[in-house]
Amino acid sequence: MTRKLPQFLRLQVGQRADFRCEYCLIHEDDSFLPFQVDHIIATKHGGGDEFENLAYACPHCNQFKGTDLVTFLKTYQDLVSIFHPRLHIWTDHFRVERGEIIPLTRIGEATAKLLNLNTPERIMLRQILTESGSYP
């Protein structure tokens with residue numbers, strides 16, 4: 001069952017993120033689809049609707065993230081947490097180079113993999129937005 005968050009809370013989450021996806025940094029104005037409020041820790045894992053558990057996410061990142069908190073990297077024993085917007089600093093884990101989001105840490109690597117951050121279409125969009133001055 002999907003719960004609807006109050007509009008004022010959705011607005012606060014968007015304002016805190018400057019209306020950018022907290023995972024890939026795309027601005028909502030540069031998306032054809034409205035952004036979503038993501039439960040960083042999904043309700044099925046005990047996360048609630050508290051402001052600190054909510055992140056602003058583009059539909060692509062939110063779809064790929066789902067309720068996941070971790071992913072496997074190289075083997076099934078190599079379980080790594082993904083980026084947590086309230087606990088981690090984006091620039092500690094990623095940098096952008098010619099539209100590609102380059103992981104700098106294992107958390108960055110896990111996040112880039114799970115959220116499919118570097119599909120050709122997403123890289124191309126970030127390149128175009130960078131050239132126009134609207135990314136990041």
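**Helix α4 and two exposed sites**

In this predicted model, threonine 105 caps the N-terminal end of helix α4, with one of its side-chain oxygens placed 3.4 Å from the backbone nitrogen of isoleucine 107. The helix itself spans residues 106-114, and within it Ile107, Gly108, Ala110, Thr111, Ala112 and Leu114 are buried. An α-helix has 3.6 residues a turn, so residues three or four places apart point the same way. The buried residues of α4 pack against helices and strands alike, namely α2 (59-65), β3, β4, α3 (90-93), β5 (94-97) and β6 (100-103). Beyond the helix, α4 is followed by asparagine 116, for which phi takes a positive value near 50 degrees.

Two of the elements against which α4 packs, β3 and β4, also frame a loop, since residues 70-72 form β3, residues 79-81 form β4, and tyrosine 76 is found between them. Tyrosine 76 counts as exposed because its relative accessible area is 70%, which lies over the 50% cut-off for that class. Together with Ile41, Leu69, Val70, Phe72 and Leu79, Tyr76 forms a nonpolar patch on the surface, and the accessible area of these residues together is about 540 Å².

A further exposed position is provided by glutamate 131, which belongs to helix α5, a segment covering residues 120-132. The relative accessibility of glutamate 131 is 71%, and it is therefore classed as exposed. Between the C-alpha atoms of glutamate 131 and glycine 48 there is a separation of 39 Å, the two residues being 83 residues apart along the chain.

Notes:
Residues numbered from 1 in each chain as written. Predicted model: local features only at pLDDT ≥ 70, side-chain atom pairs only at ≥ 80, totals over all residues. Heavy atoms only, no water. Patch = residues over 30% accessible without salt bridge, like charges linked within 9 Å, V, L, I, M, F, W, Y side chains within 5 Å. Areas by Shrake-Rupley, 256 points an atom, 1.4 Å probe, with all protein chains shown as cover. Salt bridge = Lys/Arg side-chain N within 4 Å of Asp/Glu carboxyl O. Helix = DSSP H or I, 4+ residues; strand = E, 2+ residues; numbered from the N terminus. Buried < 20%, exposed > 50% of the residue type's maximum accessible area, 1.4 Å probe, protein only. Contact = heavy atoms within 4.5 Å. Polar contact = N/O pair within 3.5 Å; in protein donor to acceptor, adjacent residues only side chain to side chain.
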